[in-house]
Amino acid sequence: MDCVFCKIASGEIPSKKAYEDDKICAFYDLDPQAPVHILIIPKEHIASAREITPENSGIVAHIFEVAAKLAEENHLDNGFRIVNNCGEDGGQTVQHLHFHLLGGRSMKWPPG
């Protein structure tokens with residue numbers, strides 16, 4: 001498998017880590033869209049939100065628990081955004097489940 005996020009999770013490709021445990025990895029985005037832009041991924045390859053099942057859904061709860069911890073550590077007291085893109089039309093560019101934690105500026109809707 002030639003998945004860039006699997007390679008980051010395994011350490012084959014270096015990244016600036018924000019958090020890591022035995023289940024997930026969080027690292028700073030190379031093209032940040034906000035002052036704080038952290039990607040949070042499961043270490044297990046799950047291609048997208050479409051592949052969430054009862055057997056693997058616990059990883060999403062763990063990701064959100066860690067996102068709250070990272071938001072606190074990064075002083076995102078006024079709020080933050082968590083984004084997941086799913087599929088080509090949803091804007092997913094890497095076929096590995098991931099969540100963007102964005103903060104440090106006012107977020108507008110629609111995004112921009």
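Helix 2 lies across strand 1, strand 2, strand 3, strand 4 and strand 5 in this predicted model. Relative to strand 3, helix 2 runs at about 155 degrees. Helix 2 covers residues 58–73. How far apart should the ends of helix 2 be? At 1.5 Å a residue, its 16 residues should span 22 Å, and the end C-alpha atoms are 23 Å apart, which agrees.

Now look at which parts of helix 2 are hidden. Its buried residues are I59, H62, I63, V66, A67, L70 and A71. Run your eye along those numbers and you'll meet steps of three and four. An α-helix has 3.6 residues a turn, so residues three or four places apart point the same way. What covers the buried residues of helix 2? The cover includes strand 1, strand 2, strand 3 (36–42), strand 4 (80–83) and strand 5 (99–103).

**The sheet**

Those strands make an open sheet of five, in the order 1-2-3-5-4, with antiparallel pairing. Strand 1 and strand 4 stand at the edges with a single partner strand each, so one side of each has no neighbour in the sheet. From one strand to the next, the twist averages 15 degrees.

Here is how the neighbours pair up:

| Strand pair | Sense | Bridges |
|---|---|---|
| Strand 1 and strand 2 | antiparallel | three bridges |
| Strand 2 and strand 3 | antiparallel | five bridges |
| Strand 3 and strand 5 | antiparallel | five bridges |
| Strand 4 and strand 5 | antiparallel | four bridges |

You can find a facing pair of residues for each row. K17 stands opposite F27 in strand 2, and A26 stands opposite I40 in strand 3. Further along the sheet, I38 stands opposite L101 in strand 5, while R81 stands opposite L102 in strand 5. Strand 1 (residues 17–20) is joined to strand 2 (residues 24–28) by a hairpin. Three residues make that link.

Strand 5 deserves a second look. Is strand 5 mostly covered or exposed? It is mostly covered, since five of its five residues are buried. F99, L101 and G103 point one way, H100 and L102 point the other way, and all are buried. That fits a general pattern: in a regular strand the side chains alternate between the two faces of the sheet.

**What is packed inside**

In soluble globular proteins, nonpolar side chains tend to be buried together. Here, the largest nonpolar core has 17 residues. Which of its members touch the most others? They are Y19, I24, A26, I38, I40, I63 and L70. Strand 2, strand 3, helix 2 and strand 5 each give two or more residues to this core. Helix 2 gives the largest share, six residues.

L70 is a good place to zoom in. Setting aside residues up to four places away in sequence, L70 touches A18, Y19, A26, I38, I40 and L101. There is also a second, separate core of nine residues, and F5, I8, C25 and V94 are among them.

**Three spots in the loops**

Start with H98, which sits in the loop between strand 4 and strand 5. UniProt, in an unreviewed entry, places the feature "active site" at H98. Is H98 buried or exposed? Buried means under 20% relative accessible area, and H98 has 4%, so it counts as buried. Leaving aside neighbours within four places in sequence, H98 is in contact with F5, L39, I40, I41, V83, N84 and Q92. One of these, F5, also belongs to the second core.

Next comes N56, in the loop between strand 3 and helix 2. Its relative accessible area is 13%, so N56 is buried too. N56 touches I46 and E51, not counting residues up to four places away in sequence.

Last is H75, in the loop between helix 2 and strand 4. Here the picture flips: H75 is exposed, with a relative accessible area of 62%. Its backbone is worth checking as well. Most residues other than glycine have a negative phi. H75, just after helix 2, takes a positive phi of about 60 degrees.

Key:
Residues are numbered from 1 along each chain as its sequence is written. This is a predicted model: local features need pLDDT of at least 70, side-chain atom pairs count only at pLDDT 80 or more; totals for chains, interfaces and linings use all residues. Side-chain values use heavy atoms; hydrogens and water are left out. Two strands pair if DSSP finds at least two bridges between them. The expected span of a helix is 1.5 Å times one less than its number of residues. Buried means under 20% relative accessible area, exposed over 50%, partly exposed in between (1.4 Å probe, protein chains only). Contact means heavy atoms within 4.5 Å. Axes are lines fitted to C-alpha atoms, for helices over the stretch in contact, and angles run from 0 to 180 degrees between N-to-C directions. A nonpolar core is a set of buried Ala, Val, Leu, Ile, Met, Phe, Trp, Tyr and Cys residues joined through side-chain atoms within 4.5 Å. UniProt positions are given in the numbering used here, feature names are shortened, and annotations may be inferred rather than shown by experiment.
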